[in-house]
Amino acid sequence: MKQSLYEEICHRLITEEPASLATEYCNVTNLKTIEGVNLRQIQSIGRRRIWKFEGLKIPPAELLERFLVRWNDEGSVDVIEKMTKELHLVPPCYLARVIVRAFVESLACKVQSITCDLDDLELAESKPAVKRPSHSKWYRDPTLITHEGLRLNVQHCHSVDTHYSPAMDAFRNSIGKEYEDRLNAYLDRLGIAYLDEPGMRRMGYARTPDAVLLEPIAVDGLVVKWIESKAWFGDPPSHATYLRDQYWPYYNRFGPGLVIYWFGFVDEAVEGHHQKGVAVLGDFPEDSRITRIESPMMDLALTHRPKECDTEE
């Protein structure tokens, strides 16, 4: 997708639905790509609101206190949702997570103060520290929250926040897994030997592409030693971030590779990267574009443990 078309679609998505735009732009793109653009736009807006909220530097304990006061006054399940409107429209589930963390930490402090013998500091210091419970577990499962008001409010946030809720996180993870499985199926069909991400992690690699090829291939003349699957739309900001944090480290460690943005990408954002060793496609390449390369030493090289750090370009 050209940058100009991408910007035009982004502008129209502010007031129009992806399905209607897909019909109008059917000659140049498709619904899946437009939905990918829409999701990226929503996430970008959410991130900006989170950054503004974090810029306020409000202590989580203070946010918890604000919530408790308003709950006592209103007794409403949408107290946290209302608070977001006063805090740069930060996503409800993000604010709920912050407040739950403060609540769990306050409980942990109370437990620790009860179990410590304050009259004997030396004895208290010798006791093992009280393990703090995971706020993430409480946030994902609000039934664990002992405070009724907070429990009801977190459940409400889960139901109204259609982009940052645990259900949406699970949905995105399932989509990512679906396309990783699709990549593996392509490689299996072609009989290309590879190591998947879990296999690489077991070998001690911290940064791991979705597939490291034990038998390199060439795609349109570029040697490919690894493939990364992205069930996203490759917009310029996210692609630049992935280049810095993932693709160049992969290149420095494993050599040239291929990135697949299954929901499409902005053409101008990836220009020149093919020549530098990171090819970008919107689907798995056709068989006619793939050349097999015999490399019996590739699997031997992967048996060595990685260095501590990657060198980024």
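**A quick tour of a predicted model**

At 11% relative accessibility, His273 counts as buried (buried means under 20% relative accessible area, exposed over 50%, and partly exposed in between, with a 1.4 Å probe and protein chains only). This is a predicted model, where local features need pLDDT of at least 70, side-chain atom pairs count only at pLDDT 80 or more, and totals for chains, interfaces and linings use all residues. Residues are numbered from 1 along each chain as its sequence is written, and side-chain values use heavy atoms, leaving out hydrogens and water.

**Around His273**

- You'll find His273 in helix α13 (residues 273–276); helices (H or I, at least four residues) and strands (E, at least two) are DSSP runs, numbered from the N terminus.
- Leaving aside residues up to four places away in sequence, His273 touches His239, Leu243, Trp248, Val278 and Ala279, where contact means heavy atoms within 4.5 Å.

**Helix α3, end to end**

- Helix α3 covers residues 31–55, and its 25 residues should span 36 Å at 1.5 Å a residue; the expected span is 1.5 Å times one less than the number of residues.
- The end C-alpha atoms of α3 are indeed 36 Å apart, which agrees.
- At the N-terminal end of α3, Asn30 acts as a cap, with a side-chain oxygen 3.2 Å from the backbone nitrogen of Lys32.
- That cap is a polar contact, meaning a pair of N or O atoms within 3.5 Å; within protein, one must be able to donate a hydrogen and the other to accept it, and residues adjacent in sequence count only if both atoms are side-chain atoms.
- Buried residues in α3 include Thr33, Ile34, Gly36, Val37 and Asn38, and further along the list come Arg40, Gln43, Ser44, Gly46, Ile50 and Phe53.
- Just after α3, Lys57 takes a positive phi of about 55 degrees.

**Two more positive phi values**

- Most residues other than glycine have a negative phi.
- Leu89 is not a glycine, yet its phi is positive, near 55 degrees.
- The loop between α5 (79–84) and α6 (92–115) is where Leu89 sits, and Leu89 is partly exposed because its relative accessible area is 42%.
- Asp220 isn't a glycine either, and its phi is positive at about 55 degrees.
- Look for Asp220 in the loop between β2 (211–219) and β3 (222–230); with 44% relative accessibility, Asp220 is partly exposed.

**Salt bridges**

- The count comes to 19 salt bridges, each one a side-chain nitrogen of Lys or Arg within 4 Å of a carboxyl oxygen of Asp or Glu.
- Arg66 pairs up with Glu62 in a salt bridge, their closest N and O atoms being 2.9 Å apart.
- Both Arg66 and Glu62 belong to helix α4 (residues 60–74), and they are four residues apart, about one turn of the helix.
- Arg66 is partly exposed at 33% relative accessibility, and Glu62 is partly exposed at 36%.
- In another salt bridge, the side chains of Arg172 and Asp169 meet at 2.9 Å, N to O.
- Arg172 and Asp169 are three residues apart in helix α10 (residues 166–190), so about one helical turn separates them.
- Arg172 is buried, with a relative accessible area of 18%, whereas Asp169 is partly exposed at 30%.
- Glu228 and Lys230 also join their side chains in a salt bridge (3.3 Å, N to O), and both Glu228 and Lys230 are buried.
- Salt bridges with shared partners link Arg70, Glu74, Asp78, Lys82 and Glu86 into one network.
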